[in-house]
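Visitor: I am new to this structure and should like to learn how to read it. May we take it one feature at a time?

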Amino acid sequence: MHLPELTVSCTCVRVPVIRSHSISASIKFDRPVKARPTSAKSWIVFAVSLLLGATCACFSFVPLADLSKILFADAAAHKVTWFFPERMNNAIMLWAFVNGSVGLGLFFGSWALFGRKNGEKIKDMGLWIGVGNFFKTLLCAVLVWGAFYTVISVVNDVFSVDPRYTFVAIRVPNIRYLTYMLMYLPFFFVFYFSNSLRVNVSAHTNNDGKGWWKVLSYALAVLANTLGLFGIFAIQYGFIAATGTMYWTTDWLYTNMLWILIPLMFVLPIFQKIIYKKCNNIYLGALITCLIFITISMCNSVAHGPFFF
């Protein structure tokens, strides 16, 4: 089980039978095991965390887009630069890094205020998998990413078309975009790891039951990941409907980027839950989705970089 800290005592009894074998296990836990939360207080904490995260996601997007113009001035001015050369992705990167950090803060803050009192332990969240297992996980993620883009490359070569998901074109990356991607991945990974942790460890979204409970767990995961972005749409297009003008007039291009971002954010927790259910590894889903989704984003944006290859 790869759990060296797990204390187990075993008694082995050999039975002389020909074609069968049985195992009887008596397991005693140090705290009650619950299939799903039943406390109203836990749902209140979850709802407050969800609303705080959505509010931050909604109202930080445009200010962080403006901040990206200052931090990455050359890219914002369409000048050739090696320093984070994709001006549109610079805004999304800042938003992802800040909101991923806020998400981690909310997760561990709610654990400190509520989960720890109920006996939940950080070591039980699967955060520590060992250095060797982490690099195996990273290798697995890279292989999945490579297999995915091998299929995309074959489709592109045979049919001369970019596969599309809603408004998103899934293009084959070249060495130029792969080089730029190395700069962006560490900052984006904070968001994808935060998302994987909250979706798969939170008792409100990791339910593996059947029927409506399973549907509810997936719906909550998707809602938590997209509510803030839909809030931006509601403000921008609601203001247009009411006044005939946009709420964000100078940064309207950044809000239009949400037509690409929201579809990706909608399926993100679904993929991460499926991967976690198969592998029981917090990092694998985060790494796979980060590699694939960031490659998609990088190839859908203009790069003002010095690498012309």
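Visitor: Where is the place of His304?

Guide: A residue is first placed relative to the elements around it. His304 sits in the segment after H9 of this predicted model.

Visitor: Is His304 buried or exposed?

Guide: One compares its relative accessible area with a cut-off: a residue under 20% counts as buried. The value for His304 is 14%, so this residue is buried.

Visitor: Which residues are in contact with His304, leaving aside its neighbours within four places in sequence?

Guide: They are Ala75, His78, Lys79, Val80, Thr81, Pro85 and Arg87. Separation along the chain can also be set beside separation in space. His304 and Asp74 are 230 residues apart along the chain, while their C-alpha atoms are separated by 8.6 Å.

Visitor: His78 was among those contacts. What is its phi?

Guide: The sign of this backbone angle is read together with the residue type. His78 is not a glycine, yet its phi is positive, about 65 degrees. This residue is found in the loop between helix H2 (73–76) and H3. With 47% relative accessibility, His78 counts as partly exposed, because that class lies between the limits of 20% and 50%.

Visitor: What can be said of Ala77, in the loop between H2 and H3?

Guide: Ala77 has a relative accessible area of 42% and is partly exposed. The C-alpha atoms of Ala77 and Arg87 are separated by 8.6 Å, and the two residues are ten apart along the chain.

Visitor: Which value of phi does Asn280 have?

Guide: Its phi is near 55 degrees, a positive value in a residue other than glycine. Asn280 belongs to the loop between H8 and H9. Its relative accessible area is 58%, so Asn280 is exposed.

Visitor: Let us turn to the whole chain. How many helices and strands are there in the protein chain?

Guide: The elements are counted, and then their order is read. The protein chain has nine helices and two strands. From the N terminus on, the order is α-α-α-α-β-β-α-α-α-α-α.

Visitor: What share of the 309 residues in the protein chain do buried residues make up?

Guide: Buried residues make up 41% of them. One may also ask how far apart in sequence the contacting residues lie. Among contacts between residues at least 6 apart in sequence, 76% join residues at least 24 apart.

Visitor: How is the largest nonpolar core to be read, and which residues touch the most other members?

Guide: One looks for the best-connected members and then for the elements that supply them. This core has 69 residues, of which Trp95, Phe188 and Tyr192 touch the most other members. The elements giving two or more residues to this core are helix H1 (40–71), helix H3 (87–115), helix H4 (131–159), helix H5 (175–201), helix H6 (212–243), helix H8 (258–279) and helix H9 (282–299). H9 provides the largest share, 14 residues.

Visitor: With what is Trp95 in contact, leaving aside its neighbours within four places in sequence?

Guide: Trp95 is in contact with Ala57, Ser60, Phe61, Leu64, Phe191, Leu229 and Leu261.

Visitor: How do the axes of H5 and H9 cross?

Guide: A pair of helices is described by the distance, angle and handedness of the crossing. The axes of H5 and H9 come within 7 Å and cross at roughly 135 degrees. H5 is therefore oblique to H9. Their crossing is right-handed, and their contact has 21 nonpolar, four polar and no charged residues.

Visitor: At what angle do H4 and H9 pack?

Guide: The angle is about 35 degrees, with the axes 9 Å apart. This crossing is right-handed. Residues making the contact include Phe134, Trp145 and Phe148 of H4 and Tyr283, Leu287 and Ile296 of H9. By class, the contact of H4 with H9 has 16 nonpolar, two polar and no charged residues.

Visitor: Finally, where is Ser49 found?

Guide: Ser49 is in helix H1. Its relative accessible area is 18%, so Ser49 is buried. Not counting residues up to four places away in sequence, Ser49 touches Leu106 and Ser110. Ser49 and Ala224 are 175 residues apart in sequence and 9.3 Å apart in space, C-alpha to C-alpha.

Conventions: Residues are numbered from 1 along each chain as its sequence is written. This is a predicted model: local features need pLDDT of at least 70, side-chain atom pairs count only at pLDDT 80 or more; totals for chains, interfaces and linings use all residues. Side-chain values use heavy atoms; hydrogens and water are left out. A nonpolar core is a set of buried Ala, Val, Leu, Ile, Met, Phe, Trp, Tyr and Cys residues joined through side-chain atoms within 4.5 Å. Buried means under 20% relative accessible area, exposed over 50%, partly exposed in between (1.4 Å probe, protein chains only). Helices (H or I, at least four residues) and strands (E, at least two) are DSSP runs, numbered from the N terminus. Contact means heavy atoms within 4.5 Å. Axes are lines fitted to C-alpha atoms, for helices over the stretch in contact, and angles run from 0 to 180 degrees between N-to-C directions. Angles under 35 degrees count as roughly parallel, over 145 as roughly antiparallel, 65 to 115 as roughly perpendicular and the rest as oblique. A crossing is left-handed if the near helix is turned anticlockwise from the far one by less than a right angle, and right-handed if clockwise. Ala, Val, Leu, Ile, Met, Phe, Trp, Tyr, Cys and Pro count as nonpolar, Asp, Glu, Lys and Arg as charged, and the others, Gly among them, as polar.
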